[in-house]
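User: Hi! Could you walk me through this one while I have it open on screen?
Analyst: Happy to, just ask away.

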Amino acid sequence: MRLIRNLALVGFMGTGKSSVGRLAAEVLQFDFIDTDDWIEGQTGKSIAEIFAHQGEAAFRAVEEQAVIQLGQRANTVIATGGGMVANPANLASLKEHALVVCLWASPETIWERLRSQTHRPLLQTADPLAKIRELLAERDSAYRQSDVLIHTGLRPPKEVVQQVVYQFHLARKSSR
Ligand code: S3P
């Protein structure tokens, strides 16, 4: 039986992990942590700076540190970076203390949501939509290992929050 103390939101960039997570934390009266913010706080650098100056591997190493820290938490909603659970060890670690909910959207919806933003290093390419498709295909099986999968393209954000909170209550009931 798993002990579920926290709620972790995983999924691709632009699926709404941070905004849904913040609202879910309010409803549950939980703390809220965004792992990208945590990493920026720890390193004193933006995610884009870490990618540019130290490379993606260095970013993934700090991300692993973030995952380890999260094991100490209780009553926390955790919004993860989109690539975090591409590493199976990170997903396994989250599942030790959290219900892992994956937010899903189509590549087209993701691109629509992200096209006006410029701070995501992995999408600074000539053809960002192709990159989104490629990364989604690579990560598909990892995201599907989550406890719950919620399609965000079909619902307004408020409903996504309700679904997430509902699934969390259900899982908590059966984990006690
Ligand atoms: C990444 C997603 C980003 C951030 C970094 C890498 C990814 O987080 O961690 O740019 O590999 O998908 P968001 O999903 O919050 O944008």
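User: How many bridges join strand 1 and strand 3?
Analyst: In this predicted model, strand 1 and strand 3 pair over three bridges, in the parallel sense. Leu9 stands opposite Ala79 of strand 3.

User: And what about strand 2 and strand 3, how do they pair?
Analyst: That pair is parallel too, over four bridges. Asp34 has Ala79 in strand 3 as its bridge partner. Ala79 thus turns up twice, opposite Leu9 and as the partner of Asp34.

User: Are the residues of strand 3 buried or exposed?
Analyst: Both faces of strand 3 are covered. Thr76 and Ile78 are buried on one side, and Val77 and Ala79 are buried on the other.

User: What's the strand order in the whole sheet?
Analyst: The order is 2-3-1-4-5 in an open sheet of five strands, with parallel pairing. Strand 2 and strand 5 (148–151) are at the edges with a single partner strand each, so one side of each has no neighbour in the sheet. On average, neighbouring strands are turned by 20° against each other, ignoring direction.

User: Which residue faces Leu103?
Analyst: Leu103 stands opposite Ile150 in strand 5. Strand 4 and strand 5 pair over four bridges, again in the parallel sense.

User: Which helices sit on the sheet, and which strands do they touch?
Analyst: Helix 1 packs on the sheet and touches strand 1, strand 2, strand 3 and strand 4. The direction of helix 1 makes about 165° with that of strand 1. Helix 8, residues 157–175, lies across strand 1, strand 4 and strand 5, and runs at about 155° to strand 4.

User: Let's go inside. Which residues touch the most other members of the largest nonpolar core?
Analyst: Phe12 and Leu94 do, in a core of 34 residues. The elements giving two or more residues to this core are strand 1 (6–11), helix 3 (47–54), helix 4 (56–70), helix 5 (88–95), strand 4 (98–104), helix 6 (107–114) and helix 7 (128–143). Another core, of 20 residues, lies apart from it, and Phe30, Val77, Val148 and Ile150 are among its members.

User: Ile150 again! What does Leu94 touch?
Analyst: Leaving out residues up to four places away in sequence, Leu94 touches Ala8, Val10, Leu70, Thr80, Met84, Val85 and Val100.

User: What about Thr35, where is that and what does it touch?
Analyst: Thr35 is in helix 2, residues 35–43. With residues up to four places away in sequence not counted, Thr35 touches Leu70, Ile78, Ala79, Thr80, Gly81 and Met84. Leu70, Thr80 and Met84 are also among the contacts of Leu94.

User: Why does Thr35 count as buried?
Analyst: Because its relative accessibility is 1%, and the cut-off for buried is under 20%.

User: Switching to the ligand. Which residues come nearest to it?
Analyst: Lys17, Asp36, Arg60, Arg120 and Arg139 come nearest, out of 13 residues around the ligand.

User: What are the distances for Lys17 and the arginines at 120 and 139?
Analyst: For Lys17, a polar side-chain atom is 2.6 Å from a ligand oxygen atom. In Arg120, an N or O atom of the side chain lies 2.7 Å from an oxygen atom of the ligand. For Arg139, a side-chain N or O atom is likewise 2.7 Å from a ligand oxygen atom.

User: How far is Asn87 from Arg139?
Analyst: Their C-alpha atoms are separated by 9.4 Å, while the two residues are 52 apart along the chain. Asn87 is in the loop between strand 3 and helix 5, and at 25% relative accessibility it counts as partly exposed.

User: Last topic, backbone angles. Which phi values are positive outside glycine?
Analyst: Gln29 is one of them, with phi near 55°, and Asn75 is another, with phi near 50°. Gln29 is found in the loop between helix 1 (17–28) and strand 2 (31–34), whereas Asn75 lies in the loop between helix 4 and strand 3 (76–79).

User: How exposed are they?
Analyst: Gln29 has a relative accessible area of 73%, so it is exposed. Asn75, at 39%, counts as partly exposed.

Terms used
Residues are numbered from 1 along each chain as its sequence is written. This is a predicted model: local features need pLDDT of at least 70, side-chain atom pairs count only at pLDDT 80 or more; totals for chains, interfaces and linings use all residues. Side-chain values use heavy atoms; hydrogens and water are left out. A nonpolar core is a set of buried Ala, Val, Leu, Ile, Met, Phe, Trp, Tyr and Cys residues joined through side-chain atoms within 4.5 Å. Buried means under 20% relative accessible area, exposed over 50%, partly exposed in between (1.4 Å probe, protein chains only). Contact means heavy atoms within 4.5 Å. Two strands pair if DSSP finds at least two bridges between them. Axes are lines fitted to C-alpha atoms, for helices over the stretch in contact, and angles run from 0 to 180 degrees between N-to-C directions. A residue is near a molecule or strand if one of its heavy atoms lies within 4 Å of it. A polar contact is a pair of N or O atoms within 3.5 Å; within protein, one must be able to donate a hydrogen and the other to accept it, and residues adjacent in sequence count only if both atoms are side-chain atoms.
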